[in-house]
Amino acid sequence: MPQIGHVPPSLIAARAPATYGWAWAAAGLAAALAPALWMWGFTVDDALVPVRYAHHLALGLGWRFNAGGPSSDGVTPLPWPVLLLPAGRWDPMAALSYAKALGLLAWTCTGVGLGVAMGRARACPAWVRGAALLVVALSVPIAAYAVSGMETALATSFATGAVLSVKRPWATAALAGAAASLRPELAPWAFVLAAGTGIAAGWPAGRVAAAASLALGPFVACALVRTAAWGRPAPLALLAKPSDIDHGLVYAEAACVVTLTPVLVFAPRALRRSPRGLAIVAAALVHLAAVVAVGGDWMPYARLMVPVAPSLAWASVLAAEHAAAWASAVRSAVAVALGVVLVARGGTSGRSVGADRAALVRRARPMLAHANRVAALDIGWVGASTGADIVDLAGLTDPVIASLPGGHTSKRVDGMLLLSRDPDVLLLYALAPPPDGDLDRWADLRFARAVEARLAADPVVARHFAPSAWLPLGAAGAGYLALAKRSPE
């Protein structure tokens, strides 16, 4: 007879894998959730632009940035404002919190899935899998954009889900296509990933082509909608921000460092023996080329590289099954050390951006309460401060300004063009407040961006506008000079 309290060895064996799996799921949860919560305060100005579109959609005003203006294609991730509709009637800052929470939920669930996949990859040493999760946790860009309020978190979740499904190429193609619907520059990545996983599965050419076409389907659908609605297949941002290959190269090099996970897949010999791992890395290289082609981005933390960064951690595990232990150890150690150094050198300082932006919105609301039209380069926080029409000096929501020569911070907007738009208030970003707080000395301000520097020096602007307020942004001294339109004499 069995002894009281004796547990049969067969039951112990059955429980061990389950406990092991839960441990890896918990590790994935921690790697995703803890860093994202630490970076909860991070956001970017552009996160508030889709919020304004969603607000007008919820009010039945249509797809437009200005309530009384024409419909415009000012949101690159076309489906994103629709996903924000549940918060469309909320205060803009509350709606931003909704978007941040949505991103946190999506990335946390993805982190659990990544942890479960790591637990099942038993052909790879457990310490290599653990190190890969640690590198994901140390990647500040991944954590920051999980809670930025941008669509990046959802695109990252879809992209990571796609690579975790590489044994099911149809699922990979569908999820990769969903990611490309939110970030158009991911379309080449989605195509190559779907084709590569089909080839790795031994599919015939016809099925590979079908999977690749499926991956492009959502991107093509968005292009067709744009063509029907606004007469062009590409997002307006592509016109407003012409590509700069030189900037794109610098951006891509930095992105491969700060996101950390590319360091883990520097294993060409091992990847050659891992068809699925090779497909993931090949797709990431194609994406890197696309990022260079579009000229990179102006947002912090390598935003355009973030969606594919977690997938490279998974590819490193697939490659490590065929790599020497010492080589995997070196790559893991370098990536972990790099992550620790970047964090120690202030890599998480972006946590204060959200609070600074919210304070700016609170200060600006009384000042802009009676404005009918406001001109600014950074339109996200302005749109959260007022329901007035906004003259977008970057052209991201304005096709006329977008078509002007120059980049998004250097459009050839002069005083006469500004007057033709008839703003009541002009907002100019400066690196420091006026000397001694004297607004009449606003000509001495340092305007770092070409559009604002040009308008500040334009005699037409000086004749028609007068300084009315200084709006500080954060503790570093930067802020916005508000110029009010002079009353006609």
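# Briefing: folds, pockets and cavities

The chain's secondary structure adds up to 23 helices and five strands. Its radius of gyration is 25 Å, close to the 23 Å that the globule rule gives for 489 residues, so the chain is as compact as a globular protein of that length. Keep in mind that this is a predicted model. Measured out along the principal axes, the C-alpha atoms fill a box of roughly 105 × 50 × 40 Å. As for burial, 53% of the 489 residues count as buried.

**The parallel strand pair**

- Strands β1 (residues 373–376) and β2 run parallel to each other, paired over four bridges.
- One contact to look for in that pair is Val 374, whose bridge partner in β2 is Ile 390.
- To get from β1 to β2, the chain passes through helix α19 (residues 379–385), and this β-α-β crossover is right-handed.
- Strand β2 (residues 389–392) is covered on both faces. Asp 389 and Val 391 are buried on one side, and Ile 390 and Asp 392 are buried on the other.
- As background, side chains in a regular strand alternate between the two faces of the sheet.

**The antiparallel hairpin**

- Strand β4 (residues 465–472) pairs with strand β5 (residues 479–485) in the antiparallel sense, over seven bridges.
- Within this pairing, Trp 470 sits opposite Leu 481 in β5.
- The hairpin of β4 and β5 has six residues between the strands, and Gly 474 there takes a positive phi near 75°.

**Arg 441 and its loop**

- Arg 441 belongs to the loop that links β3 (425–430) and α22 (450–457).
- Is Arg 441 buried or exposed? Its relative accessibility is 34%, so Arg 441 counts as partly exposed.
- Arg 441 and Phe 465 are 24 residues apart along the chain, and their C-alpha atoms are separated by 14 Å.

**The largest pocket**

- The largest pocket holds about 890 Å³ of space.
- It is lined by 46 residues, and the closest to its centre are Arg 183, Ala 237, Leu 238, Lys 241 and Trp 298.
- Which elements give two or more residues to this lining? They are α2 (48–58), α8 (169–182), α9 (187–200), α10 (205–230) and α11 (236–240).
- Helix α10 provides the largest share of the lining of the largest pocket, with five residues.
- By class, the lining of the largest pocket splits into 25 nonpolar, 11 polar and 10 charged residues.

**The second largest pocket**

- The volume of the second largest pocket is about 690 Å³.
- There are 28 residues lining the second largest pocket, and the closest to its centre are Asp 45, Arg 357, Asp 378, Arg 449 and Leu 473.
- Helix α18 (residues 353–368) gives the most to the lining of the second largest pocket, with three residues.
- The lining of the second largest pocket has 16 nonpolar, five polar and seven charged residues.

**The largest cavity**

- How many cavities of 30 Å³ or more does the model have? The count comes to two.
- The largest cavity contains about 80 Å³ of space.
- Its lining is made up of Val 128, Ala 132, Leu 264, Ser 316, Ala 320, Ser 328, Arg 331 and Ser 332.
- At least two lining residues each come from α5 (126–138), α16 (309–320) and α17 (325–347).
- Helix α17 gives the most to the lining of the largest cavity, with three residues.
- Sorted by class, the lining of the largest cavity has four nonpolar residues, three polar ones and one charged one.

**The second largest cavity**

- About 40 Å³ of space lies in the second largest cavity.
- The residues that line the second largest cavity are Trp 107, Ile 142, Tyr 145, Ala 146, Thr 152, Ala 153, Thr 156 and Val 306.
- Two or more of the lining residues of the second largest cavity come from each of α6 (140–146) and α7 (152–164).
- The lining of the second largest cavity consists of six nonpolar and two polar residues, with no charged ones.

Key
Residues are numbered from 1 along each chain as its sequence is written. This is a predicted model: local features need pLDDT of at least 70, side-chain atom pairs count only at pLDDT 80 or more; totals for chains, interfaces and linings use all residues. Side-chain values use heavy atoms; hydrogens and water are left out. On a 1 Å grid over the protein atoms alone, a cavity is a set of points where a 1.4 Å probe fits but cannot get out, and a pocket is an open set with protein on both sides within 12 Å along at least five of seven lines; lining residues have an atom within 4 Å of a point. Grid points are joined across faces, edges and corners, and a volume is the space filled by probe spheres set on the points. Ala, Val, Leu, Ile, Met, Phe, Trp, Tyr, Cys and Pro count as nonpolar, Asp, Glu, Lys and Arg as charged, and the others, Gly among them, as polar. Buried means under 20% relative accessible area, exposed over 50%, partly exposed in between (1.4 Å probe, protein chains only). Two strands pair if DSSP finds at least two bridges between them. A crossover is right-handed if, with the strands pointing away from the viewer, the path from the first strand over the helix to the second runs clockwise. The radius of gyration is taken over C-alpha atoms; the globule rule is 2.2 Å times the number of residues to the power 0.38.
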